[in-house]
Amino acid sequence: MSLSRAPRRRSPSGRALLLTAVTVTGALTLTACSGSDSGKPTGSGGNYVTGASGISTSAKGERTEAPKLDGETVDGKSLDTTALKGKVVVLNVWGSWCPPCRAEAPSFAKVSKELADAGKDVVFVGVNVRDNSKQNAAAFEETFGITYPSLYDPDGKLLLRFPKGSLNPNAIPSTLVLDREGRIAARTLAPLSEEQLRSMIDPVLAEQ
């Protein structure tokens, strides 16, 4: 005669640990290095519209102010993005381990240099995330000729400062363009070509 065992019940503490693990896994998935399909058009948001190119834009009177991003850069200097108000700011979130970031890096190097040489009122700032050492990030910048500074943010804490519901940089790579008042004017969650990058910057530069 065989005896059947009663089903084992998971304790309340066990269920809590399981839920925590699922939550953490979901958060890591959202911030994983994304491919070119991450920027598919999604229609309109609360205060922005996403076009067929995957680039989201916000009308001048409906923009959200970007949070203060400050800290140490990859090359060991200090940077505070709020000090850049008065200029158009291009924020690029990247990691040396991310293939789409490597694919778009030459476009960023070229466009940032050409705009600087032309005396345009725009500055580029990178946000390096999830790199375990500055050496990897510095090697990436040297390889692709990136000359503008990048904040070193291995834990991604700076990205958590963006308010929910805004044009958040919630993928890697992400690119945001801030207007001269420090507000988010455009965003994409996909790697950019030179032409796409210029199409994000030029309209904001032209604003009066």
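In which strand is the place of Thr-50? In this predicted model, Thr-50 belongs to strand S1. The relative accessible area of Thr-50 is 9%. Buried means under 20%, so Thr-50 counts as buried. Its side chain makes a polar contact of 2.5 Å with the side chain of Ser-56.

The protein contains 4 helices and 9 strands. Along the sequence these follow the pattern α-β-β-β-β-β-α-β-α-β-β-β-α. The protein has 208 residues, and 43% of them count as buried. Contacts between residues at least 6 apart in sequence were also examined. Of these, 69% join residues at least 24 apart.

An open sheet is built from 7 strands. Their order is S1-S2-S9-S8-S5-S6-S7, and the pairing is mixed. Strand S1 (49-50) and strand S7 (150-153) form the edges, each pairing on one side only. Thr-50 therefore sits in an edge strand and is nevertheless buried.

Strands S5 and S6 pair in the parallel sense, over 7 bridges. Within this pairing, Trp-94 stands opposite Asn-128 in S6. S6 and S7 also run parallel and are joined by 4 bridges. Here Val-129 stands opposite Asp-153 in S7. Although S7 is an edge strand, both of its faces are covered. Ser-150 and Tyr-152 are buried on one side. Leu-151 and Asp-153 are buried on the other.

Helix H2 spans residues 99-117 and has 19 residues. From its first C-alpha to its last, H2 reaches 28 Å. This is close to the 27 Å expected at 1.5 Å a residue. H2 nonetheless bends by about 35° at Ala-105. A proline, Pro-106, follows within four residues of the bend. Ala-105 is itself one of the buried residues of H2. Others in this set include Pro-100, Cys-101, Glu-104, Ser-107 and Phe-108. Further along, Ala-109, Val-111, Ser-112 and Leu-115 are buried too. The buried residues of H2 pack against three strands of the sheet, namely S5 (88-94), S6 (122-129) and S8. They also pack against helix H3 (134-144) and helix H4 (194-205). Just after H2, Gly-119 takes a positive phi of about 70°.

Helix H4 is likewise placed against the sheet strands. H4 lies across S5, S6, S8 and S9. Its direction runs at about 15° to S8. S8 is thus a partner both of H4 and of the buried residues of H2.

Arg-183 lies in the loop between strand S8 (174-178) and strand S9 (184-188). Is this loop residue buried or exposed? Its relative accessible area is 16%. The cut-off for buried is under 20%, so Arg-183 counts as buried. A polar atom of the Arg-183 side chain lies 3.2 Å from the backbone oxygen of Lys-60. Lys-60 is also listed among the contacts of Arg-183, leaving aside neighbours within four places in sequence. The others are Arg-63, Thr-64, Glu-65, Ala-66, Val-177 and Leu-178. Of these, Val-177 and Leu-178 fall in S8, the strand that precedes the loop.

How values were computed. Residues are numbered from 1 along each chain as its sequence is written. This is a predicted model: local features need pLDDT of at least 70, side-chain atom pairs count only at pLDDT 80 or more; totals for chains, interfaces and linings use all residues. Side-chain values use heavy atoms; hydrogens and water are left out. Helices (H or I, at least four residues) and strands (E, at least two) are DSSP runs, numbered from the N terminus. Buried means under 20% relative accessible area, exposed over 50%, partly exposed in between (1.4 Å probe, protein chains only). A polar contact is a pair of N or O atoms within 3.5 Å; within protein, one must be able to donate a hydrogen and the other to accept it, and residues adjacent in sequence count only if both atoms are side-chain atoms. Contact means heavy atoms within 4.5 Å. The expected span of a helix is 1.5 Å times one less than its number of residues. The bend at a residue is the angle between axes fitted to the seven residues ending there and the seven starting there. Two strands pair if DSSP finds at least two bridges between them. Axes are lines fitted to C-alpha atoms, for helices over the stretch in contact, and angles run from 0 to 180 degrees between N-to-C directions.
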